[in-house]
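The paragraphs below lead through a single protein chain, beginning with its surface and ending with its backbone. Please keep the model in view while reading.

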Amino acid sequence: MCTSIIFSPKDHYFGRNLDLEVSFGQQVVVTPRNYNFKFRKMPDMKKHFAMVGIALVADEYPLYFDAANEKGLGMAGLNYPDNFHAFEVEDGKDNISPFEFIPWVLGQCATVDEAKKLLEKINLVNINFSEKMQLSPLHWLIADKTGKSITVESDIDGLHVYDNPIGCLTNNPQFPKQLTNLDNYANLSPAMPENTFSKEINFNGYSRGLGSHNLPGGMDSESRFVRVAFNKFNAPKFDTEEENVDTYFHILHSVEQQKGLDEVAPGQFEYTIYSDGTNLDTGVFYYTTYTNKRITKVDMNKLDLDSDQMTVYPINDKITFDEEN
Ligand SMILES: C[C@H](CCC(=O)NCC(=O)O)[C@H]1CC[C@H]2[C@@H]3[C@H](O)C[C@@H]4C[C@H](O)CC[C@]4(C)[C@H]3CC[C@]12C
């Protein structure tokens with residue numbers, strides 16, 4: 001499972017938790033403006049916006065899991081099994097395979113509105129990256145530095161582009177169903193509950209935090225959607241980058257999957273491999289991992305963004321302690 005959010009305390013932070021039982025060997029990858037992006041059914045993109053994110057580099061191609069570009073547009077792919085559908089190539093459409101989708105959008109769009117326009121022509125096609133790396137069934141959250149976001153789902157009945165007023169995405173079911181389910185939690189509150197139960201009864205309020213007593217705690221996709229939305233909308237907003245980045249990771253870590261809780265096959269557990277976020281206003285990328293909660297930072301502006309060569313940083317995964325004595 002995965003969770004993706006846009007959090008807008010002052011600047012805008014976009015990213016995700018990647019939850020899975022195996023690691024693909026992904027890295028932090030900065031793709032500069034003149035790297036030649038090849039597409040299977042569309043012409044090469046020789047010049048484009050620079051982008052930073054997490055990708056698996058295969059055959060010198062950055063297979064992005066999530067990324068943000070220098071204009072402040074971010075995009076993440078999350079698992080969407082059973083519902084996802086890829087189509088046959090169609091003349092007159094922009095035929096893009098899911099593995100090409102992030103570069104296609106982030107390479108040429110600066111805002112969610114521009115992305116929406118581009119999506120009018122798109123046909124997500126059934127082309128595998130390779131025999132070994134087949135299509136993965138994904139849906140996507142796209143967000144920009146105005147705080148706006150959309151969800152893109154390619155279902156059997158075609159491509160759906162939904163405005164996403166919550167700025168969060170997890171996994172199944174389809175996005176409109178997640179929104180409907182959120183209604184069930186409208187009475188959650190960070191404050192102590194008021195007695196709307198009956199005037200004939202007195203409630204003592206035995207514990208602090210009773211307003212969030214019914215906040216779902218499960219690892220499943222609906223529970224994480226409600227939890228991350230509640231935690232995000234009630235998170236404090238600060239003036240400094242440090243405090244806002246720290247808060248952003250508190251929100252993502254509140255839906256983190258600890259090892260041992262989500263058994264996907266006998267003895268195999270999904271867990272939060274990494275959490276990441278880009279400040280869409282500045283192009284600075286941050287991440288933590290399951291074992292390294294100290295925030296690592298990559299500023300793409302420190303690189304030559306006019307280059308034609310990717311820059312790759314291995315994930316900093318080591319557990320360390322600040323030793324006091
Ligand atoms: C499985 C995860 C999504 C995490 C998630 O939602 N997890 C589990 C769950 O719900 O079951 C997705 C997100 C991005 C995906 C990768 C990217 O799309 C890039 C690449 C695309 C190739 O077609 C397949 C491999 C490869 C490398 C994909 C493997 C599956 C990934 C890593």
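In this predicted model, a patch of negative charge on the surface is formed where Asp 239, Glu 242, Glu 243 and Asp 246 gather. Asp 239 belongs to the loop between helix 4 (221-233) and helix 5 (241-253), and because its relative accessibility is 63%, where over 50% is the cut-off, this residue counts as exposed.

A second surface patch is nonpolar, made up of Phe 197, Ile 201 and Phe 203, which together have about 340 Å² of accessible area. Within this patch, Ile 201 sits in the loop between helix 3 (175-182) and helix 4, and with a relative accessible area of 34% Ile 201 is partly exposed.

The backbone also deserves attention, since most residues other than glycine have a negative phi, and most peptide bonds are trans. Asp 59 has a positive phi, near 50°, and Glu 60, likewise not a glycine, has a positive phi of about 60°. Asp 59 is placed in the loop between strand 4 (51-58) and strand 5 (61-69), and Glu 60 also lies in the loop between strand 4 and strand 5. Both count as exposed, Asp 59 at 70% relative accessibility and Glu 60 at 65%. Elsewhere, the peptide bond from Asn 172 to Pro 173 is cis, with omega near 0°, and Pro 173 is found in the loop between strand 12 (168-169) and helix 3.

As for the chain as a whole, an unreviewed UniProt entry lists residues 2-313 as "domain: Choloylglycine hydrolase/NAAA C-terminal". Over residues 2-313, the chain is 17% helix and 31% strand, with its end C-alpha atoms 22 Å apart.

Technical notes
Residues are numbered from 1 along each chain as its sequence is written. This is a predicted model: local features need pLDDT of at least 70, side-chain atom pairs count only at pLDDT 80 or more; totals for chains, interfaces and linings use all residues. Side-chain values use heavy atoms; hydrogens and water are left out. Patches are made of residues with over 30% relative accessible area and no salt bridge: like charges are joined within 9 Å, nonpolar side chains (Val, Leu, Ile, Met, Phe, Trp, Tyr) within 5 Å. Accessible areas come from the Shrake-Rupley method with a 1.4 Å probe; for residues, only the protein chains shown count as cover. A salt bridge is a side-chain nitrogen of Lys or Arg within 4 Å of a carboxyl oxygen of Asp or Glu. Lys and Arg count as positive and Asp and Glu as negative; His and the chain ends are not counted. The place of a charge is taken as NZ of Lys, CZ of Arg, CG of Asp or CD of Glu. Helices (H or I, at least four residues) and strands (E, at least two) are DSSP runs, numbered from the N terminus. Buried means under 20% relative accessible area, exposed over 50%, partly exposed in between (1.4 Å probe, protein chains only). UniProt positions are given in the numbering used here, feature names are shortened, and annotations may be inferred rather than shown by experiment.
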